[in-house]
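Here's a quick tour of a few spots worth a look in this protein. Have the sequence and the model open as you read.

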Amino acid sequence: MSEVIFALPPNVMLLDLAGPAEAFRVAARCGAPFSLRFVSADAEVVSSVGVGLSRLEPLPEAVPADALVLVPGTVNDEHDVDGPAGRVLVRWLAERAAPSGARLAAVCSGALFLGSAGLLAGRACTTHFSLLATLAERVPGAQVQANRVFVSDGPVATSAGICAGIDLALFLVAELAGADLARQVARHMVVYFRRSPADPALSPWLAYRNHLHDKVHAMQDLIAADPVRRWSLDDLAERAHVSPRHLARLFREHSGTTVLGYQTALRLSLAEQWRAGGLGKEKAALAAGFASAKAWRQASRLAKSLHD
């Protein structure tokens, strides 16, 4: 069981906390080995909307190495970071959380706490657009990036403002418990896997799923469960109880790609995974469902040209 530790600053932004917490709660209901903890320098914290959060655990002396520590944002930004409770949280992050080897994450102005603890030096990171300059000034060695929903650099991940915390949480759920489970969480929460033009490409196991059409999701689930199989449009249409032409239209309209494009994206990802696992190019291509390494290269070039 992995602990997801929400380290609450004073005047915590409620959605920064509630959005990611719900994502991990739903993930646990779907079978992920997560247990949620809520800790703070104070036993009670007033949230951004005035609702009090009480019976919080004290900041733990020991943090498990397989834990995720997530710091939500706060209302008063630098003022809260530099206040008495903020300084206690910063010190705990530097002296307890980071040395444990735990995964670290922050939503919105939570990045200021990580930065003040010396955990963003030399790392790519982001925060709410109104705080980008503040973060860069506060942590001169940080590689602060604008126009990003979230950024992951090694063991540290940061996100932009408020709702972006849900995107970050889904990314972390996928990283820690698998992309399929993250898709289940996203569908349950009725949220999109979002990206801006400046975002790094999402994993194809998560991309093309930002829609609410059950039939298309069902077909994507079939393909994702066995991407090496040669799924024909006729075969999928029969399972979906629609005509091939109608399914092709539905798939493109709701997913933004074709059935073949979706399957090829999954196979390209599989081939890279097999290659990283030590297989040669030819064997990796065959294991991913391509006819040869040449076919893999051709599919990769075509996908890149379409993306560009």
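What follows covers a charged patch, two unusual backbone angles and one aspartate.

This is a predicted model, where local features need pLDDT of at least 70, side-chain atom pairs count only at pLDDT 80 or more, and totals for chains, interfaces and linings use all residues. Residues are numbered from 1 along each chain as its sequence is written, and side-chain values use heavy atoms, with hydrogens and water left out.

Let's start with the backbone. Most residues other than glycine have a negative phi. Cysteine 108 and histidine 241 go the other way, as the table shows.

| Residue | Phi | Loop between |
|---|---|---|
| Cysteine 108 | about 55 degrees | strand E7 (103–107) and helix H4 (110–116) |
| Histidine 241 | about 60 degrees | helix H9 (233–240) and helix H10 (244–255) |

Helices (H or I, at least four residues) and strands (E, at least two) are DSSP runs, numbered from the N terminus. Are these two residues buried or exposed? Cysteine 108 counts as buried because its relative accessibility is 6%, while histidine 241 is exposed at 72%. Buried means under 20% relative accessible area, exposed over 50% and partly exposed in between (1.4 Å probe, protein chains only).

Next up is aspartate 82, which sits in helix H2 (residues 78–82). With 39% relative accessibility, aspartate 82 is partly exposed. Leaving aside residues up to four places away in sequence, it touches Arg87 and Arg138 (contact means heavy atoms within 4.5 Å).

Finally, helix H13 (residues 293–307) is where you'll find lysine 294.
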